[in-house]
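Take a moment with the model before reading on. The paragraphs below walk through it step by step.

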Amino acid sequence: MSTESEITEIVSRYTRAADQRDGEALAKLYEADAVVDVHYRGPDGMESLGTLSGGAQIATAMSTAMAPHPPLGWSHHTTYDHLVSVDGDEASIETQFITFDVVGIRKPEGGWPAGTFGAQGTIKPIESGYYRFTFRRTDGVWRIRHQGVIHDIPYVF
């Protein structure tokens, strides 16, 4: 696997852990002293929304600070337009993201009405912006050193 593919795969693992609210899986992706900076890019420029420091704080935030999914609910982070740069044991990726809120409709007790077809529920975009990750390879393993999250819409963190 190429280094670029390894870096992109870590971002994919990040989005899956975020969707599952799995702080333990997420923490494994970061260096012990990693930092996450969260910003909103508004009409007056960048506004800092907060900082998480260290793998333990990042894991706790993922597991407890994000709202749990409702019954039949889920979230799906998607990333695209990856820009990867590698320089020896240092690497970075900038990627755009959209997060979708997915909520299914419970099957009626008597079954679906005649003529019902297709997905039953709603899917709506709830977040968008950019992730900017930097990585370091130590003993052959890539881990996140720093993550910048830049939201396109106001966000309470």
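In which element is aspartate 81 found? The model is a predicted one, and in it aspartate 81 belongs to strand E3. Its backbone deserves a look. Aspartate 81 has a phi near 55°, a positive value in a residue other than glycine.

Leucine 72 also has a positive phi, here of about 60°, although it is not a glycine. This residue sits in the loop between H3 and strand E3, which spans 73-87. Is leucine 72 buried or exposed? Neither word fits: its relative accessibility is 44%, so leucine 72 counts as partly exposed.

Now step into helix H3, where glycine 55 lies. Glycine 55 has a relative accessibility of 7%, and because buried means under 20%, it counts as buried. What does glycine 55 touch, once its neighbours within four places in sequence are left aside? Its contacts are Ala27, Glu31 and Ala32. Histidine 82 is another matter. Glycine 55 and histidine 82 are 27 residues apart in sequence, and their C-alpha atoms are 24 Å apart in space.

Next comes the interior. The largest nonpolar core holds 27 residues. Inside this core, the residues with the most contacts are Leu26, Tyr30, Phe133 and Phe135. Two helices and several strands are among the elements that give two or more residues to the core: helix H1 (3-20) and helix H3 (55-65), together with strands E1 (30-42), E2 (45-53), E4 (90-104), E5 (121-138) and E6 (141-151). Which element gives the largest share? That is H1, with six residues.

Leucine 26 shows the core from one residue's point of view. Apart from neighbours within four places in sequence, leucine 26 is in contact with Tyr14, Ala17, Ile58 and Met62.

Finally, turn to empty space. Rolling a probe the size of a water molecule over the atoms shows where such space is left. The second largest pocket contains about 160 Å³ of it. Which residues line this second largest pocket? The lining is made of Met1, Glu6, Glu9, Ile10, Arg13, Lys28, Leu29, Val141, Trp142 and Arg143. H1 and E6 are the elements that give two or more residues to this lining. H1 gives the most, with four residues. By class, the lining has five nonpolar and five charged residues, and no polar ones.

H1 therefore turns up twice on this walk, because H1 gives the largest share of the core and the most to the lining of the second largest pocket.

Key. Residues are numbered from 1 along each chain as its sequence is written. This is a predicted model: local features need pLDDT of at least 70, side-chain atom pairs count only at pLDDT 80 or more; totals for chains, interfaces and linings use all residues. Side-chain values use heavy atoms; hydrogens and water are left out. A nonpolar core is a set of buried Ala, Val, Leu, Ile, Met, Phe, Trp, Tyr and Cys residues joined through side-chain atoms within 4.5 Å. Buried means under 20% relative accessible area, exposed over 50%, partly exposed in between (1.4 Å probe, protein chains only). Contact means heavy atoms within 4.5 Å. On a 1 Å grid over the protein atoms alone, a cavity is a set of points where a 1.4 Å probe fits but cannot get out, and a pocket is an open set with protein on both sides within 12 Å along at least five of seven lines; lining residues have an atom within 4 Å of a point. Grid points are joined across faces, edges and corners, and a volume is the space filled by probe spheres set on the points. Ala, Val, Leu, Ile, Met, Phe, Trp, Tyr, Cys and Pro count as nonpolar, Asp, Glu, Lys and Arg as charged, and the others, Gly among them, as polar.
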